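Here's a quick look at some helix geometry and a couple of backbone oddities. Have the structure open while you read.

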Amino acid sequence: MKIQEATPLTGLREGTCSSAAKAASAHEQLLVAQAKSGRSSAFGKLFELHRVRIYHTAFRILRNRQDAEDAVQRSFQRAFTNLYRFREDSTFSTWMTRIAINDALMLLRQRRASKRLSENNDDTERSSALDLTDKAPTPEQALAENELRADVIHAISLLGENLRIVLLLRELQGLTSAETARRLCLTVSAVKARTFRARRYLRKYLEPQYGAAGGGFRQNAEYECRS
């Protein structure tokens, strides 16, 4: 009796992951095609598939539930209106993530402008708020933090596709290296390597403007490669 060679367990896992990813991608492509042909129910299914992930992406930028929910609604409305422009050179999920980031940044800028106007029009209220800063950041500190976050998101948008999607999952959606690897059907070491390269780029991009704040990505990146 001929004995067949055993398939390594890692090979089985990678094959299963690849098959599942291809099946999910094919299903998504079918829904996109149906939605483009005018079937609103197909777009509704795309909404249900991605709304939670898009919400978490928006929330990590805005840090406010209501604003994040508004960003999700805006993003899917924009996607529905402009679906005919989706060339399918990336996945629908990636396209939706880019739209959500842009809409979240727009809301962040609007909120920032509204906050500045409120502070300029009511000095008394502003002084009262500053009296409570022993337990909360000052408006200036909060603004600086939001500006840094917005610049980080912009820098991420300049990355190549392979690096950008890894960093979006790691930084915006808060996934671990192992979770990111499963999502993208990569090895954990590949995820860590791409995270290191992406964070090194962010550090170089941000250090001229933010100094030590931008340099913090170097420490994080080095930690990722060691862990």
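What follows goes through one helix, then a helix pair, then two loop residues. Keep in mind that this is a predicted model.

Let's start with helix H3, residues 65–81. With 17 residues at 1.5 Å a residue, H3 should span 24 Å, and its end C-alpha atoms are indeed 24 Å apart, so the two agree. Which residues of H3 are buried? They're Asp67, Ala68, Ala71, Val72, Ser75, Phe76 and Ala79. Looking down the axis of H3, these buried residues fall within an arc of 165°, so they line one face of the helix. That fits the usual pattern: an α-helix has 3.6 residues a turn, so residues three or four places apart point the same way. Over on the other side of H3, Gln77 and Thr81 are exposed. At the N-terminal end, Asn64 acts as a cap, with a side-chain oxygen 3.1 Å from the backbone nitrogen of Gln66.

Next, the pair H7 (residues 161–172) and H8 (residues 177–184): their axes come within 10 Å and cross at roughly 135°. An angle between 115 and 145 degrees counts as oblique, so that's the label for H7 and H8. Their crossing is right-handed.

Now for the backbone. Most residues other than glycine have a negative phi, but two here don't follow suit.

| Residue | Phi | Loop | Relative accessible area |
|---|---|---|---|
| Arg63 | near 55° | between H2 (40–62) and H3 | 52%, exposed |
| Cys185 | about 60° | between H8 and H9 (188–210) | 29%, partly exposed |

Definitions and conventions:
Residues are numbered from 1 along each chain as its sequence is written. This is a predicted model: local features need pLDDT of at least 70, side-chain atom pairs count only at pLDDT 80 or more; totals for chains, interfaces and linings use all residues. Side-chain values use heavy atoms; hydrogens and water are left out. Helices (H or I, at least four residues) and strands (E, at least two) are DSSP runs, numbered from the N terminus. The expected span of a helix is 1.5 Å times one less than its number of residues. Buried means under 20% relative accessible area, exposed over 50%, partly exposed in between (1.4 Å probe, protein chains only). The arc is that of the directions from the helix axis to the C-beta atoms. A polar contact is a pair of N or O atoms within 3.5 Å; within protein, one must be able to donate a hydrogen and the other to accept it, and residues adjacent in sequence count only if both atoms are side-chain atoms. Axes are lines fitted to C-alpha atoms, for helices over the stretch in contact, and angles run from 0 to 180 degrees between N-to-C directions. Angles under 35 degrees count as roughly parallel, over 145 as roughly antiparallel, 65 to 115 as roughly perpendicular and the rest as oblique. A crossing is left-handed if the near helix is turned anticlockwise from the far one by less than a right angle, and right-handed if clockwise.
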